[in-house]
Amino acid sequence: MEDVKLEFPALPPCREDAEEWTYPMRREMQEILPGLFLGPYSSAMKSKLPILQKHGITHIICIRQNIEANFIKPNFQQLFRYLVLDIADNPVENIIRFFPMTKEFIDGSLQTGGKVLVHGNAGISRSAAFVIAYIMETFGMKYRDAFAYVQERRFCINPNAGFVHQLQEYEAIYLAKLTIQMMSPLQIERSLSVNSGTTGRSPVFPHLSSLSFKYRDIQAGPVAQRLST
């Protein structure tokens, strides 16, 4: 059986008119991909509404821990559509389970001509990890390359060590997921069956069997809070 070939869109090149990074820019949002912005909560505060509207923001992913809810808020629920995620900036926090819903949210916005801001508190660890994951899965990139691409546009990003480890693991997981989506039911049945003389590994994608179940398992967990207009 022939291998399943995965194809990904080309990554947009760096803008020639991009500003040279300066330290004060960490308090602002930057456009990482056309229509996808990354920044701190300070870029989504009530006083920044004119700037958000100037950039055409229509959707916002707000990443915060419950104890941060008093000062990290979805300020414009009547104007923008929100996805609010309850996530701590903690190395043991499982963030992979949120990647599918954030990708769906971002894709849904971009496909309808909208623009998305992803923010946590400082725009350095949690929100950066989600933007990196989105770029990895959308463009078929390794963690290191996706990190460099985002850092080129927001130099101060620094996901914590636990997030980095999960992002490195996510490459194999999203490839397995996409491979399964492209396979016919017969191919899936053959790849998941344990044939004589094999160890149960997929002939189409190495370790496809175990990874497909791992992908299903990591999605289990608390449901993220969704706020929308």
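These legends describe close-up views of one predicted protein model.

In this predicted model, local features need pLDDT of at least 70 and side-chain atom pairs count only at pLDDT 80 or more, while totals for chains, interfaces and linings use all residues. Residues are numbered from 1 along each chain as its sequence is written, and side-chain values use heavy atoms, with hydrogens and water left out.

**Figure 1. The whole protein has 7 helices and 6 strands.** Helices (H or I, at least four residues) and strands (E, at least two) are DSSP runs, numbered from the N terminus. Along the sequence, the pattern reads β-β-α-β-β-α-β-α-α-α-α-α-β. The protein has 229 residues, and 49% of them are buried. Buried means under 20% relative accessible area, exposed means over 50%, and partly exposed lies in between (1.4 Å probe, protein chains only). The accessible surface comes to about 12,200 Å². Carbon and sulfur atoms account for 53% of that surface. These areas come from the Shrake-Rupley method with a 1.4 Å probe, and for residues only the protein chains shown count as cover. Now take the contacts between residues at least 6 apart in sequence: 71% of them join residues at least 24 apart. Contact means heavy atoms within 4.5 Å.

**Figure 2. Pro91, in a loop, meets Gln166, in a helix.** Pro91 lies in the loop between strand E4 (81-86) and helix H2 (99-111). Its relative accessible area is 46%, so Pro91 is partly exposed. Gln166 sits in helix H5 (residues 161-182). At 9% relative accessibility, Gln166 is buried. The two residues are 75 apart in sequence, yet their C-alpha atoms are 9.5 Å apart in space. Leave aside neighbours within four places in sequence, and Pro91 is in contact with Asn160, Gly162 and Gln166. With residues up to four places away set aside, Gln166 touches Pro91, Glu93, Asn94, Ile95 and Ile96.

**Figure 3. Arg97 sits beside the backbone of Asn94.** Arg97 belongs to the loop between E4 and H2. With a relative accessible area of 13%, Arg97 is buried. A polar atom of its side chain lies 2.6 Å from the backbone oxygen of Asn94.

**Figure 4. Helix H2 has 13 residues.** From first C-alpha to last, H2 reaches 18 Å. That is close to the 18 Å expected at 1.5 Å a residue. The expected span is 1.5 Å times one less than the number of residues. The buried residues of H2 are Phe99, Pro100, Met101, Thr102, Lys103, Phe105, Ile106, Asp107 and Ser109. Gly113 follows H2, and its phi is positive, near 85°.

**Figure 5. Ser109 in helix H2 makes a polar contact with His59.** At 0% relative accessibility, Ser109 is buried. Its side chain makes the polar contact with the side chain of His59, at 3.2 Å. A polar contact is a pair of N or O atoms within 3.5 Å; within protein, one must be able to donate a hydrogen and the other to accept it, and residues adjacent in sequence count only if both atoms are side-chain atoms. Not counting residues up to four places away in sequence, Ser109 touches Thr58, His59, Gly114, Lys115 and Val116.

**Figure 6. Helix H3 (residues 126-139) is largely enclosed by the rest of the structure.** What lies behind this? Of its 14 residues, 14 are buried, so H3 is largely enclosed. H3 reaches 20 Å from its first C-alpha to its last, close to the 20 Å expected at 1.5 Å a residue. Gly140 follows H3 with a positive phi, near 65°.

**Figure 7. The protein has 5 aromatic pairs.** Rings of Phe, Tyr and Trp (its six-membered ring) pair if their centres lie within 6.5 Å; planes under 30 degrees apart count as stacked, over 60 as edge-to-face and the rest as tilted. The rings of Phe76 and Phe80 have centres 5.7 Å apart and planes at 75°, so this pair is edge-to-face. Both Phe76 and Phe80 are buried. Phe99 and Phe130 are also an edge-to-face pair, at 5.2 Å centre to centre and 90° between the planes. Phe99 lies in helix H2 and Phe130 in helix H3, so the pair ties together parts 31 residues apart in sequence. Phe99 is buried, at 2% relative accessible area. Phe130 is buried too, at 4%. Phe99, Phe130, Tyr170 and Tyr174 form one aromatic cluster.
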